[in-house]
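Work through the following exercises with the coordinates open beside you, and try each task before reading its solution.

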Amino acid sequence: MAVILVTDAEQRAALAVVRSLGRAGHQVHVTGVKHRPLAAASRWCASLSHVPDPMHDAAGNAAAHAEICARLRADVCIPIAESTALALLDAPPARTMLPMPDRETFRAVCDKARVLAAASSVSLRVPRQVVIDSKEDFARQRAEGVVDSLPMPSIAKPSRSIAGPGGQLIKLPVRYADTVEDLADIVRETPDAAFPLLLQERILGDGLGVFLLMWNGREVATFGHRRLREKPPTGGVSTLRESVPVDPRLHARSLALLQALGMTHGVAMVEFKGEAGTEPTLMEINGRFWGSLQLAIDAGVDFPAMLVALALGQSVDPVTSYRTGVSSRWFWGDIDHIIARVRRRLDVRGVPSTESPFTALHDVFLRSAAGQHEEIWRADDSGPFIRESLQWILRR
């Protein structure tokens with residue numbers, strides 16, 4: 001048994017990690033910013049420690065984790081959120097393993113502009129885009145007609161999901177634009193720390209994920225999923241997804257992309273999107289555990305248990321096969337999905353629609369996929385679902 005510290009207990013990925021490692025026999029502790037975080041309600045959670053918010057005090061967050069790791073004599077610390085990972089990579093805890101890439105590699109993997117630039121070297125399709133370095137650069141490229149060449153509708157996304165000067169960070173969302181004037185408004189409202197900004201064509205279709213576990217440059221595990229519903233419906237986190245086979249060419253190119261970025265340790269999700277029958281378009285990489293992690297575990301690829309075993313120096317057999325057709329639903333996220341569809345008259349892909357509200361209700365409550373699992377609700381670990389339900393109701 002090892003002592004494991006899992007950060008960002010508010011996140012669903014943290015809950016999946018806690019459950020996986022608890023069932024594997026490890027002693028699992030968590031940290032969080034909020035008073036009653038989700039993963040702390042799990043029967044597998046041994047203790048909760050509160051830490052400063054890494055978005056506002058990265059140094060304080062890293063120092064708090066260093067103290068907790070020393071006090072618990074933690075063997076492994078698993079950062080969940082990007083902001084926490086950045087804080088800990090800048091000031092790693094002594095004598096506790098962080099099973100992830102080094103700081104510069106992690107930053108490269110999280111940088112959408114660098115990822116899309118590297119994609120061309122491995123023959124991956126990327127969205128048509130214009131890179132904007134500043135508000136002045138937008139004005140220049142618009143005057144030259146470059147911005148107007150973008151197909152509409154389009155999206156504006158920051159190169160990094162979080163950014164900011166010093167220890168202060170800000171979360172940078174993806175925004176949608178129907179016209180060039182909409183893009184101009186978005187650029188005008190974007191803080192300077194968010195640049196460079198990527199203006200991209202909007203890609204419709206299914207979201208596809210290729211998930212990989214690397215160790216010492218070797219591929220240890222592979223998994224694939226397809227998004228069925230998202231929150232918000234126009235594009236965001238998945239609320240219903242299913243396990244699917246990974247296309248061999250997409251798998252090979254995803255692996256080559258990680259290698260091109262120097263990714264030799266840790267987990268990563270390579271995210272694609274596209275219509276059925278077309279070549280998927282690369283969207284981004286997440287170099288950490290992802291929100292739908294529980295689906296991979298339910299389908300037979302226990303990424304957290306394998307990652308910890310590798311970090312502890314144990315031998316792990318590669319896992320490349322798993323059960324396909326398994327689906328996982330985040331219940332309260334799905335409720336938010338249906339509310340957004342009904343209020344804004346959108347179809348399941350987030351496109352304006354004249355469909356009846358009953359169609360959305362039918363999708364969520366009556367059309368269950370074969371082999372469907374509930375992500376948060378577990379009969380043998382009901383605390384997290386009860387906590388999340390109360391928090392969802394109180395927010396209404």
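The exercises below treat a predicted model, and each is followed by a solution in steps.

**Exercise 1. Determine the strand order of the seven-stranded sheet, and state which strands form its edges.**

Step 1: Following the pairing across the open sheet gives the order β15-β14-β11-β12-β13-β16-β17, and the pairing is mixed.
Step 2: The strands that pair on one side only are β15, at residues 281-286, and β17, at residues 372-374, and these are therefore the edge strands.
Step 3: When direction is ignored, neighbouring strands of this sheet are turned against each other by 30° on average.

**Exercise 2. Describe how strand β14 is held by its neighbours, and decide whether its residues are buried or exposed.**

Step 1: On one side, β14 (residues 266-274) runs antiparallel to β15 and is joined to it by five bridges, among which V270 has I285 as its partner, while K273 stands opposite T281.
Step 2: Between β14 and β15, which form a hairpin, there are six residues, and G277 in this turn has a positive phi of about 85°.
Step 3: On the other side, nine bridges join β14 to β11, again in an antiparallel arrangement, with M269 of β14 as the bridge partner of F211.
Step 4: The side chains divide into two sets, since G266, A268, V270, F272 and G274 point one way whereas V267, M269, E271 and K273 point the other way, and all of them are buried.
Step 5: Because nine of the nine residues are buried, β14 is largely enclosed by the rest of the structure.

**Exercise 3. Find which helices lie on the sheet, and give their directions relative to a strand.**

Step 1: Helix α8, residues 248-260, lies across β11 (206-215), β12 (218-231), β14 and β15, and runs at about 55° to β11.
Step 2: Helix α11, residues 331-344, packs on the sheet where it touches β12, β13 (237-243), β16 (327-329) and β17, and its direction makes about 40° with that of β12.

**Exercise 4. Trace the pairing of strand β13, and explain why this strand counts as largely enclosed.**

Step 1: Six bridges join β13 to β12, and the two strands run antiparallel; E230 stands opposite S238 of β13.
Step 2: The hairpin of β12 and β13 has five residues between the strands, and G235 in the turn has a positive phi of about 135°.
Step 3: Three bridges join β13 to β16, also antiparallel, and R241 has S328 of β16 as its bridge partner.
Step 4: Six of the seven residues of β13 are buried, so this strand is largely enclosed by the rest of the structure.

**Exercise 5. Classify the crossing of helices α2 and α3, and characterise the residues in their contact.**

Step 1: The axes of α2 (residues 58-72) and α3 (residues 82-90) come within 8 Å and cross at roughly 75°.
Step 2: Since angles of 65 to 115 degrees count as roughly perpendicular, α2 and α3 are therefore roughly perpendicular to each other.
Step 3: The contact is made by A58, N61, A62 and H65 from α2, together with T84, A87 and L88 from α3.
Step 4: Sorted by class, this contact of α2 with α3 has four nonpolar residues, three polar residues and no charged residues.

Terms used:
Residues numbered from 1 in each chain as written. Predicted model: local features only at pLDDT ≥ 70, side-chain atom pairs only at ≥ 80, totals over all residues. Heavy atoms only, no water. Helix = DSSP H or I, 4+ residues; strand = E, 2+ residues; numbered from the N terminus. Axes fitted to C-alpha atoms, helices over the stretch in contact; angles between N-to-C directions. Contact = heavy atoms within 4.5 Å. Buried < 20%, exposed > 50% of the residue type's maximum accessible area, 1.4 Å probe, protein only. Parallel < 35°, antiparallel > 145°, perpendicular 65-115°, else oblique. Nonpolar A, V, L, I, M, F, W, Y, C, P; charged D, E, K, R; others polar.
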